[in-house]
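Work through the exercises below with the sequence and the 3D view side by side. Try each task before you read its solution.

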Amino acid sequence: MENKLFDIESNALVAKDTYRMTLRCEGFRKMSPGQFVDVALDGRFLRRPISVCDSEDGTLVLVYKVVGEGTRQMSEMAPGGKLDILVDLGHGFTTGSCTSAALLLGGGVGVAPLYLLAKELIAQGKKVTVVLGFNMASEIVLLDEFKALGADVYVATMDGSAGTKGFVTDVVKEYQPEFDFYYTCGPKPMEKAVYASIPGDGELSLEERMGCGTGICYGCTCQTELGPKRICKDGPVFKKEEIKW
């Protein structure tokens, strides 16, 4: 964990209530897919945990949805401003668990951390299939970016306004993509459905409200087959067999 002061390079609306923020900081080192950062906001006692969408040395990209006053405050920040951020938080995805073909399933803003994962898997020469799930077409984000990486991309929307009508699991049932390992991030009902219906080994990134984001407060503890775990410190990524619903 490191504390860094980032310059805001851009902060733009990219889908319904969803923003993409690009930040720069000299000396910042690339993070791993599935890790998250904790953002300090003026006037807010608690930092806001945000998944990392993309990362290179010196550059950090966050894709976040406005769901409360903190993220609304973030959405109003202009280029040229600065953000105090804790980086290198949490344990991310294990790219080595995939041998040759990966299936990535994301729901809502949970698709964001899958971008850096897809980028690294493809760089390793692995085939990547991505299934993105949203409520409606206006919420779709990162579709073109995943395609630009060279991934096979499918979309599911609850209202049928784009792609397959239904859930990400309906897309898998319809198209039956080949894979030897899957990764997923999104709302708990979606992840529970993926856990129950997608065969094979996988890793799930759990979404949870966090207090400190560093494991000190134990506010995001969950029960696993190996006992209680802190989602912020021991996760947010867990192996499929660890999770106890």
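**Exercise 1: A helix across a sheet**

Task: find which strands helix α2 lies across, and at what angle it runs to β5.

Solution: Helix α2 (residues 112-123) lies across β4, β5 and β6 (59-65), and runs at about 50 degrees to β5. Helices (H or I, at least four residues) and strands (E, at least two) are DSSP runs, numbered from the N terminus, while axes are lines fitted to C-alpha atoms, for helices over the stretch in contact, with angles from 0 to 180 degrees between N-to-C directions. The model is predicted, so that local features need pLDDT of at least 70 and side-chain atom pairs count only at pLDDT 80 or more, whereas totals for chains, interfaces and linings use all residues. Residues are numbered from 1 along each chain as its sequence is written, and side-chain values use heavy atoms, with hydrogens and water left out.

Next, place these strands in their sheet, which is open, has 7 strands in the order β4-β3-β7-β1-β2-β6-β5, and shows antiparallel pairing. Its edge strands, each of which pairs on one side only, are β4 (48-51) and β5 (54-56). Two strands pair if DSSP finds at least two bridges between them; strand β3 (residues 36-40) is joined to β4 by 4 bridges, and V37 stands opposite I50 in β4.

**Exercise 2: The surroundings of strand β13**

Task: describe how strand β13 (residues 202-205) is paired and which way its residues point.

Solution: Begin with the pairing, where strand β12 (residues 181-185) runs parallel to β13 over 4 bridges, and strand β16 (residues 237-239) pairs with β13 in the antiparallel sense over 3 bridges. E203 stands opposite Y183 on one side and has K239 as its bridge partner in β16. Then look at the directions: G202 and L204 point one way, E203 and S205 the other, and all are buried (under 20% relative accessible area, with exposed over 50% and partly exposed in between, for a 1.4 Å probe and protein chains only).

**Exercise 3: The two sides of helix α5**

Task: which residues of α5 are buried, and what do they pack against?

Solution: The buried residues of α5 are M190, E191 and V194. Seen down the helix axis, they fall within an arc of 95 degrees (taken from the directions from the axis to the C-beta atoms), so they line one face of α5. They pack against β8 (101-107), α4 (168-175), β12 and β13, where contact means heavy atoms within 4.5 Å. The face turned away from this buried side carries the exposed residues K188, P189 and A196.
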